[in-house]
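Here's a quick walk through one helical model. Have the coordinates open while you read.

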Amino acid sequence: MDSGLIALGAAVVGVAGTLLATVVSQRMLARVQAAQFEREQRDAHTRWQREQELTDLSRRRDCYTAANAAFRRYRIALMNFLWAVHQAQATPADRAAVEEARSAHHTTFAEAQMIASADVLAELDQMARVMAGAHARTMRLADGIPEPDGSFEQIHAELVLITRTWVGMRGAMRSDLGLAPSPDGTAPDPADCLPPASEPEPGPSTPTAVSGTAREELMGPDPVA
């Protein structure tokens with residue numbers, strides 16, 4: 001009888017052990033699978049974040065490149081128009097070129113407002129304000145109703161100094177893109193070298209065009225190529 005109970009007990013323990021081992025192994029397998037799934041999810045999320053960062057970086061780089069080019073194009077157009085006004089040679093086409101560059105600048109600025117970082121946006125806002133003031137004074141000079149601080153020399157000096165603001169804007173953009181700082185921008189901008197006025201044919205009643213020396217005194221020396 002005792003032997004039978006012992007045998008029965010051993011059988012019960014054996015069966016219970018087998019069943020328990022199956023349950024434990026299933027739970028361990030479930031834990032391993034859950035941990036693997038979590039790792040895969042984390043890896044997928046990390047990859048997604050990285051792709052989003054690269055996409056955002058690419059968008060900001062394209063936006064900053066367009067804004068930088070638009071600001072410079074606007075400034076060059078305004079410089080050219082200012083010189084044409086000074087030479088009394090401004091045409092409707094010259095004015096249209098300025099307004100086209102100004103419109104393109106407004107478009108890229110609006111796009112940048114939705115993408116740029118706070119630091120870059122502050123630089124863009126400052127540049128936009130300076131350019132708007134220079135544009136207004138140039139157009140009033142062209143219309144023959146200059147402002148008190150709106151002479152040719154004063155507007156030109158302001159447009160030349162805008163280079164410093166532009167360098168600050170460019171530096172903020174490069175920093176936001178993780179690039180090395182750019183040069184300090186102390187060298188003359190090629191845009192400061194305005195196109196020479198066409199020389200009229202000499203005649204007794206024809207005003208003499210501004211000479212190269214006089215133009216250099218007004219516009220500053222041409223940058224070395």
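Outside the residues up to four places away in sequence, Glu 158 touches Val 130, Ala 134 and Arg 137, where contact means heavy atoms within 4.5 Å. Glu 158 sits in helix α4; helices here are DSSP runs of H or I with at least four residues, strands are E runs of at least two, and numbering starts at the N terminus. The side chains of Glu 158 and Arg 137 are joined by a polar contact of 2.6 Å. That term covers a pair of N or O atoms within 3.5 Å, one able to donate a hydrogen and the other to accept it within protein, and residues adjacent in sequence count only if both atoms are side-chain atoms.

A word on provenance: this is a predicted model, so local features need pLDDT of at least 70 and side-chain atom pairs pLDDT 80 or more, while totals for chains, interfaces and linings use all residues. Numbering runs from 1 along each chain as its sequence is written, and side-chain values use heavy atoms, with hydrogens and water left out.

Phe 152 is also part of α4. Is it buried or exposed? Phe 152 is buried, because its relative accessible area is 5%, and the cut-offs are under 20% for buried, over 50% for exposed and partly exposed in between (1.4 Å probe, protein chains only). From Phe 152 to Thr 138 is 14 residues in sequence and 8.0 Å in space, C-alpha to C-alpha.

Thr 138 is one of the buried residues of α3, as are Leu 124, Ala 134 and Arg 137, among others. The 25 residues of α3 should span 36 Å at 1.5 Å a residue, and the end C-alpha atoms are indeed 36 Å apart; the expected span is 1.5 Å times one less than the number of residues. After α3 comes Gly 144, with a positive phi near 80 degrees.

Now the core. The largest nonpolar core has 35 residues, with Leu 124 and Leu 159 making the most contacts inside it. Such a core is a set of buried Ala, Val, Leu, Ile, Met, Phe, Trp, Tyr and Cys residues joined through side-chain atoms within 4.5 Å. These helices each supply at least two residues:

| Helix | Residue range |
|---|---|
| α1 | 2-86 |
| α2 | 92-113 |
| α3 | 118-142 |
| α4 | 152-176 |

The largest share, 12 residues, comes from α1. Beyond four places in sequence, the contacts of Leu 124 include Ala 67, Phe 71, Phe 109 and Met 169.

Overall, the protein chain has five helices and zero strands, and 27% of its 225 residues count as buried.
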